[in-house]
Amino acid sequence: MQFNTFVSSIADLERCVKAPNLQEVLLEPLLLARQGKLSLATVEFLASEAAKRSRHPVLVWDILMTEQMFTEICQKITQVNLNIFSAIRVCDPGAAWWVKTHFPQLKIQLIVETGNHNFEALLGWCEVLSGSLERLILSIELPEQQLIEYCQKLPVGCEILGVGRILLFYSPRSLLAQHLS
């Protein structure tokens with residue numbers, strides 16, 4: 001069994017080096033991640049430091065985006081040295097396709113926690129992103145027996161959240177912003 005966790009500092013990274021079976025670290029930039037707080041420069045720095053410590057840095061891009069926002073992000077992300085990342089973790093199918101098209105050497109970890117609870121949908125993602133898809137991050141809402149079956153039958157690796165943050169509500173819209181000054 002392998003583990004991964006979020007890293008936001010060198011101290012976090014050092015703790016990961018000491019942890020058994022933890023080879024992969026997740027980096028969340030403010031620009032790309034729902035709960036990201038790091039600048040792109042900090043993410044690049046931590047990714048290179050993780051690689052020096054034989055850890056696999058994974059760039060987290062899990063926000064939902066409008067078309068305008070997606071275009072702006074794609075322009076900014078091309079300025080990042082994506083070659084230092086082992087993979088990129090996305091939940092937006094458009095972002096996954098953009099990565100596959102523009103950075104075919106970069107492995108994709110697709111977050112399929114919402115709206116992908118049947119085997120055919122998951123198999124479809126494996127076909128669409130074949131050659132780039134490294135892993136599917138499955139929903140913990142699925143029954144245990146279903147998760148076991150999917151992990152055994154799918155042609156790519158699977159990940160299941162064991163410990164950590166569970167996002168109860170997320171929307172790219174600012175639902176309360178206009179009501180708060």
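Which residue in strand 4 is the bridge partner of Val60? It is Arg89. I start with that pairing, and then work outward from strand 3. Please keep in mind that this is a predicted model.

First, strand 3 itself. It covers residues 56-61, and five of its six residues are buried. So you can call the strand mostly covered, taking buried as under 20% relative accessible area.

Now its neighbours. Strand 4, residues 87-90, runs parallel to strand 3, and four bridges join the two. To get from strand 3 to strand 4, the chain passes through helix 3, residues 67-77, and this β-α-β crossover is right-handed.

Strand 3 also pairs with strand 2, residues 22-27. Here too the strands run parallel, with four bridges between them. One residue pair to look for is Leu27 with its bridge partner in strand 3, Leu59. The connection from strand 2 to strand 3 goes through helix 2, residues 40-52, and that β-α-β crossover is right-handed.

Next, helix 1, which spans residues 10-18. Which of its residues are buried? They are Asp12, Leu13 and Cys16. Around the helix axis they cover an arc of only 100°, and therefore they sit on the same side of helix 1. The face turned away from that buried side carries Arg15 and Lys18, which are exposed. As for what covers the buried residues of helix 1, the list includes strand 1, residues 3-6, together with strand 2 and helix 2.

Last, the aromatic rings. A pair of aromatic rings is described by how far apart the centres are and by the angle between the planes. In this model the count comes to four aromatic pairs. One of them is Trp61 with Phe70: the centres are 6.3 Å apart and the planes are at 20°, so the pair is stacked, the cut-off for that being under 30 degrees.

Are these two residues buried or exposed? Trp61 has 0% relative accessibility, so it counts as buried. Phe70 has a relative accessible area of 16%, and therefore Phe70 is buried as well.

Trp61 and Phe70 also belong to a cluster linked by ring pairs, together with Trp98 and Phe103.

To go back over the main points: strand 3 is joined by four bridges to strand 2 and by four bridges to strand 4. Helix 1 has its buried residues on the same side. Ring pairs link Trp61, Phe70, Trp98 and Phe103.

Technical notes. Residues are numbered from 1 along each chain as its sequence is written. This is a predicted model: local features need pLDDT of at least 70, side-chain atom pairs count only at pLDDT 80 or more; totals for chains, interfaces and linings use all residues. Side-chain values use heavy atoms; hydrogens and water are left out. Buried means under 20% relative accessible area, exposed over 50%, partly exposed in between (1.4 Å probe, protein chains only). Two strands pair if DSSP finds at least two bridges between them. A crossover is right-handed if, with the strands pointing away from the viewer, the path from the first strand over the helix to the second runs clockwise. The arc is that of the directions from the helix axis to the C-beta atoms. Contact means heavy atoms within 4.5 Å. Rings of Phe, Tyr and Trp (its six-membered ring) pair if their centres lie within 6.5 Å; planes under 30 degrees apart count as stacked, over 60 as edge-to-face and the rest as tilted.
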